[in-house]
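Hi,

Here is the structure I said I would pass on. Have a look at it first, and my notes on what turned up follow underneath.

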Amino acid sequence: MSYNDRFIRATRKEQVDAVPVWYMRQAGRYDPDYRKIKEKYSLLDICKQPELAAEVTMMPVKKLGVDAAILYSDIMNPVASIGIDFDIVAGIGPVIHNPITCAADVERLKPIDVEGDLGHVLETIAILDRELQVPLITFAGAPFTIASYLIEGKPSRNYLKTKELMYSQPDVWHQLMAKLGDMAITYLRAHIRSGGKAFQLFDSWAGALSPADFRTFVQPTVERIFAELGDLPQPKIYFPGVSSGELLPLLGDLQADVIGLDWRVSIQEGRRRLGGGKAVQGNLDPTVLTAPMSVIENRAAEIIDQGLQEPGFIFNLGHGLFPEASLSKLAELTAFIHSYSAKAIAA
Ligand code: CP3
């Protein structure tokens, strides 16, 4: 099999033979083989075994036929290296044992030591670089999204403590953003050095902010991350997360190649708000996957029709896959996206 570069071509707004597709959170929670591995090992156990982490990363490529792999890891993985103790608790998500509450907590955060503390991640990337026939996307959590876990101590609905720190101690907040920005830059650069072919910055919860607060408290650091990594030729994706439609007009000048859209804004409207210039990725509502196949295909076709109106489109979901998704429907959807778009492009 020859190397499949559809995904990379689409990030550069080049001609493609079919629309590339990958799914956020495609690593196998819906896959019985993955669940069998999870009976023995936790997420962090798997990440610490490069051969196994590489195998889990490759499973959706083999089973679903997607055009890109995403590294099996978690956005929380690097925070242990800066001095945060956490666990990923089944049914909850990341839980922090020493949440950030004050200036001293931010001050004691160390710089990340990727080679020393996260060598297993770099080794996994190197294995995948040798074995994959599709590009490997690596990722980091964006500063706001990581901060929300570090401050709340667990997943949150309203980000009360996070916003309290942001509004009442802006200097401490900006120092935290700076440190988490440095963490993302160093970590992502190491990924690319080890063989990553593209990266995505996940800002899953930034849509909780008003555009004015995003602009003041978050955007400068997101801009700095992409600017400082601007010398890397690899495609860069920013995912501003769920309910981020109102933030899109702020992202037109970001030095990212691709912006991820959620399903509340259409592909066409998303492009309009971004002001042209960027490739877009998205945006099927993952809950649509509960529908009969004919409904799923109709929704996917609408997205593809809009996506193909301009160069630079990558099919994805508007947010992560949930464990209840069906492996066979996902494989069928992937094949449909390829065949439907190939016909439309050839016509
Ligand atoms: O895309 C992939 O499948 C690759 C691996 C990946 C994981 N987490 C593995 C994981 C990726 C890209 C992530 C990113 C991530 N992690 C995000 C950003 C994407 C998004 O969904 O918005 C966020 C917010 C997290 C934090 C996190 N980790 C949560 C909220 C949870 C629990 C809820 C959930 O979705 O399962 C996790 C745990 C986690 N990360 C699991 C996996 C496979 C499930 C638990 C497990 O298998 O141990």
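Arginine 25 counts as partly exposed, because 17 C-beta neighbours fall inside 10 Å, and a residue needs 20 or more to be buried and 12 or fewer to be exposed. Bear in mind throughout that this is a predicted model. Arginine 25 is found in the loop between helix 1 (6-11) and helix 2 (32-40). Leaving aside neighbours within four places in sequence, arginine 25 is in contact with Gly320 and Leu321.

Glutamine 26 lies in the loop between helix 1 and helix 2 as well, but glutamine 26 counts as buried, because it has 28 C-beta neighbours inside 10 Å. Not counting residues up to four places away in sequence, glutamine 26 touches Pro60, Leu64, Val66, Ile70 and Leu321.

Both residues are in the UniProt "binding site" annotation, which comes from an unreviewed entry and covers Arg25, Gln26, Ala27, Gly28, Arg29, Asp74, Tyr149, Ser204 and His319. Do those positions come together in one place? Not all of them: they span 295 residues in sequence and their farthest two C-alpha atoms are 23.5 Å apart, so they do not all gather at one spot.The same kind of record, again an unreviewed entry, places the feature "domain: Uroporphyrinogen decarboxylase (URO-D)" at residues 20-29. That span is 0% helix and 0% strand, and its end C-alpha atoms lie 22 Å apart.

Now the ligand. There are 22 residues around it, and the closest are Ala27, Leu43, Gly93, Ser204 and Gly320. By type, the shell divides into eleven nonpolar, seven polar and four charged residues. Ala27 and Ser204 are on the list of closest residues, and the UniProt "binding site" annotation covers them too.

On to the sheet. Seven strands make up an open sheet with parallel pairing, in the order 1-4-5-6-7-8-9. Strand 1 (69-70) and strand 9 (313-317) are the edge strands, each pairing on one side only. Going through some of the pairs:

- Strand 5 (residues 198-202) and strand 6 (residues 236-239) run parallel and are joined by four bridges. Phenylalanine 202 stands opposite phenylalanine 239 in strand 6.
- Strand 6 and strand 7 (residues 258-260) are also parallel, with two bridges between them. Here tyrosine 238 is opposite isoleucine 259 in strand 7.
- Strand 8 (residues 279-284) pairs with strand 9 in the parallel sense over five bridges. Glycine 282 stands opposite phenylalanine 315 in strand 9.

Is edge strand 9 mostly covered or mostly open? Mostly covered: five of its five residues are buried. On one side these are Phe313, Phe315 and Leu317, and on the other Ile314 and Asn316. Strand 6 has both faces covered too, with Lys236 and Tyr238 buried on one side and Ile237 and Phe239 buried on the other.

Tyr238 turns up again in the largest nonpolar core, which has 107 residues; those with the most contacts inside it are Ala69, Ile137, Ala184, Ala206 and Tyr238. Helix 10 (residues 170-194) gives the most to this core, with nine residues. If you want one residue to start from, try alanine 206: leaving aside its neighbours within four places in sequence, it is in contact with Ala142, Phe144, Thr145, Phe214, Val218, Pro240, Gly241, Ser244 and Leu247.

Last, a residue at the other end of the burial scale. Histidine 97 is exposed, because there are 9 other C-beta atoms within 10 Å. Histidine 97 lies in the loop between strand 3 (93-96) and helix 5 (103-107). Not counting residues up to four places away in sequence, histidine 97 touches Asp85 and Phe86. Its C-alpha atom and that of isoleucine 84, 13 residues apart along the chain, are separated by 7.7 Å.

That is what I have for now.

Cheers

Methods
Residues are numbered from 1 along each chain as its sequence is written. This is a predicted model: local features need pLDDT of at least 70, side-chain atom pairs count only at pLDDT 80 or more; totals for chains, interfaces and linings use all residues. A nonpolar core is a set of buried Ala, Val, Leu, Ile, Met, Phe, Trp, Tyr and Cys residues joined through C-beta atoms within 7 Å. Two residues are in contact if their C-beta atoms, placed from the backbone, lie within 7 Å. A residue is near a molecule or strand if its C-beta atom, placed from the backbone, lies within 6 Å of it. Ala, Val, Leu, Ile, Met, Phe, Trp, Tyr, Cys and Pro count as nonpolar, Asp, Glu, Lys and Arg as charged, and the others, Gly among them, as polar. UniProt positions are given in the numbering used here, feature names are shortened, and annotations may be inferred rather than shown by experiment. Two strands pair if DSSP finds at least two bridges between them.
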